[in-house]
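This report introduces selected features of a protein model to a reader who has not met it before. The sequence and structure come first, followed by the description.

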Amino acid sequence: MGVQVKVIQRPEPGRTSYLRAALKGMALTFRHMVNPTKVTQQYPEEQTDLSPRWRGTHVMETHADGRPKCVACGLCPTVCPANCIRLVGGEDDNGNRYPIVYEIDEFRCIFCGMCQEVCPVEAIHVGQHFENAEYSRDRFVYDLDRLMEQDHPSTLLWDPSDPRSE
Amino acid sequence: MEPISGVPAVLAMLGKIVGIFTAVMIVVAYTTYAERRVSAWIQDRHGPNRVGPFGLLQPIADGIKNILKEETMPATANRFWFVLGPMLSIIPALVAIAVVPFAAPLPTPWGVVDMVVADVPIGVLWVLAIGSLGIYGIVISGWASNNKYAFLGALRASAQMVSYEVALGLALIATLMLAGNVTLTEMVWQQQQLDWWYAFPLSLAFILFVISAFAETNRLPFDMPEAESELVTGYHTEYSAMKFSMFFIAEYAHMMTASALMATLFLGGWDIPFATWDDAYYWQGQYISGFDEAGAPIAASLAAWKSLATYAVFSLKTAFFLFLYIWVRWTLPRFRYDQVMTLGWKVMLPVSLAYVMVVASTILVLDYLEIPYGFVFGLVLTVVSGLCTLGFLFFLDRDRVIAGAAVPHRLDRPVRMPDTRVPGPAIRGD
């Protein structure tokens with residue numbers, strides 16, 4: 001589809017009006033002023049409806065007994081384009097791998113969601129959440145406990161009403 | 001009842017000064033709030049509504065913020081004039097309101113107090129003189145900033161103020177001729193006697209005065225001195241914190257003075273419409289509310305509640321003009337600089353000059369016919385002025401004055417655009 005050009009004809013000078021146009025403008029602004037419908041969203045009281053595909057603060061899913069689902073396979077730090085995930089894996093007596101250190105730097109993260117896509121056990125997720133202001137910079141490196149504490153819904157990487165993106 | 005005198009008079013004067021100063025500062029603070037709320041509503045937003053109920057404490061928060069912010073001083077600025085500029089800007093804005101009467105005289109046990117800070121005999125001239133001093137603050141601060149945008153803003157301000165002061169003064173002359181006096185108290189009284197507010201018998205002067213007042217207070221659509229899109233913010237580009245705040249207060253105080261003046265000169269000041277019980281004037285040693293058929297004065301009955309009612313009416317009229325300022329600002333775009341000058345010198349000046357002539361001849365004819373100063377007198381002037389106004393609006397409305405840059409000025413003369421195409425190389429085979 002080509003660019004559409006709308007040619008606006010300038011009115012003939014003898015027919016243009018400044019005053020009437022100004023008065024029309026005044027009437028328009030007055031109508032808007034008394035119109036009670038406002039577009040402002042009163043943010044802290046009115047929360048934004050996030051898309052089910054919103055990619056925000058990470059969530060680490062846990063098993064029923066409180067252990068992280070992560071098996072320290074190392075796929076997420078490998079795939080992470082921003083290199084913001086630090087993972088040190090370990091192995092317990094039963095031979096199950098688990099993360100000893102799992103840190104995500106939310107400042108470096110670009111919220112692409114590839115860690116969630118690549119995770120074979122659906123442990124790490126990006127979440128539907130964005131309010132993560134802090135008073136100091138070091139608070140932005142989320143460790144494993146903090147990632148497991150996050151209680152906001154995790155992201156569906158598709159829209160349930162439109163799963164094939166049609 | 002006698003006017004107040006002696007020590008109580010001094011105390012009353014001090015009370016009025018403190019009261020008016022406080023009132024002006026509060027009105028200025030809440031005009032900034034109103035400006036933000038109204039502009040928000042016009043743009044389908046809410047505006048500041050967080051600090052206190054409905055955001056009513058916002059001006060206080062802004063004041064605290066401005067006091068606590070860092071004062072910057074450009075390294076190349078002229079220190080003395082840089083600091084002096086904001087002061088020179090704010091003082092005339094606050095002083096000019098002193099001569100505007102804001103209510104009917106108030107009776108007290110010690111005598112009658114005139115509800116005006118200084119009823120100086122040169123009333124209107126005082127306002128004009130002090131109002132023009134405001135330009136010094138702008139020019140000096142723009143120059144002392146040593147910044148080209150500030151300097152351009154100052155230059156524009158001075159040119160614009162000079163241009164529109166002429167039209168402002170000429171529009172005033174019509175009212176002065178009709179009132180026969182320059183004292184604002186007397187102008188209110190004359191409007192009560194005429195049974196017409198001067199906005200009607202002098203409608204064209206009213207329109208010219210409002211336009212000039214907009215230009216004089218540097219408000220949109222005439223805010224050339226601080227045209228953000230062209231000059232950063234013009235003359236106060238280099239100012240921060242409380243110094244900037246002083247310019248801000250000065251602008252709004254100017255607005256308020258101009259609004260109060262327009263209300264007094266053209267909308268009858270504190271006069272309550274369609275009522276004569278509020279009329280009061282100090283005439284030859286007594287307070288009178290008018291003259292009977294034989295020309296004998298009728299004593300006025302003053303009361304505190306009447307003063308209060310007239311004060312409320314005066315506030316309403318002033319608030320109307322303040323609202324008009326805000327409403328116009330958020331509707332009309334800024335003029336181009338040459339359009340401002342064209343409007344000032346080629347339209348406002350000749351029109352106001354011609355109008356002064358028309359009003360003068362009409363008053364002369366009416367005096368010659370010995371028509372008494374009253375309703376009929378005002379009616380004739382209203383008709384004459386109405387015709388002038390219609391002609392003026394017709395003239396202004398046909399785009400003979402303000403045209404876009406690309407619009408040819410006349411239809412009968414086709415516009416020849418210069419042929420700027422570069423002749424290309426000849427195509428082979430031509």
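## A sheet in chain A and a surface patch in chain B

In chain A, A:Ile104 stands opposite A:Tyr142, a residue of strand 5. The model is predicted, with local features requiring pLDDT of at least 70 and side-chain atom pairs pLDDT 80 or more, while totals for chains, interfaces and linings use all residues. Residues are numbered from 1 along each chain as its sequence is written, chains are lettered from A in the order in which they are written, and side-chain values use heavy atoms, without hydrogens and water.

Strands are DSSP runs of E of at least two residues, and helices are runs of H or I of at least four, numbered from the N terminus. Strands 2, 3 and 5 of chain A form an open antiparallel sheet in the order 2-3-5. Strand 2 (85-91) and strand 5 (141-142) of chain A are at the edges with a single partner strand each, so one side of each has no neighbour in the sheet. Strand 3 (residues 97-105) and strand 5 of chain A are joined by two bridges; pairing requires at least two DSSP bridges.

A:Arg86 belongs to strand 2 of chain A. Among its contacts (heavy atoms within 4.5 Å) is A:Glu103, 17 residues away in sequence and 5.1 Å away from C-alpha to C-alpha.

Two residues count as partly exposed, the class between buried (under 20% relative accessible area) and exposed (over 50%), using a 1.4 Å probe and protein chains only.

| Residue | Relative accessible area |
|---|---|
| A:Arg86 | 45% |
| B:Tyr149 | 32% |

B:Tyr149 lies in helix 5 of chain B, and that helix (148-179) and helix 3 (79-95) of chain B each supply at least two residues of a nonpolar patch.

Notes:
Lists of a residue's contacts leave out its neighbours within four places in sequence.
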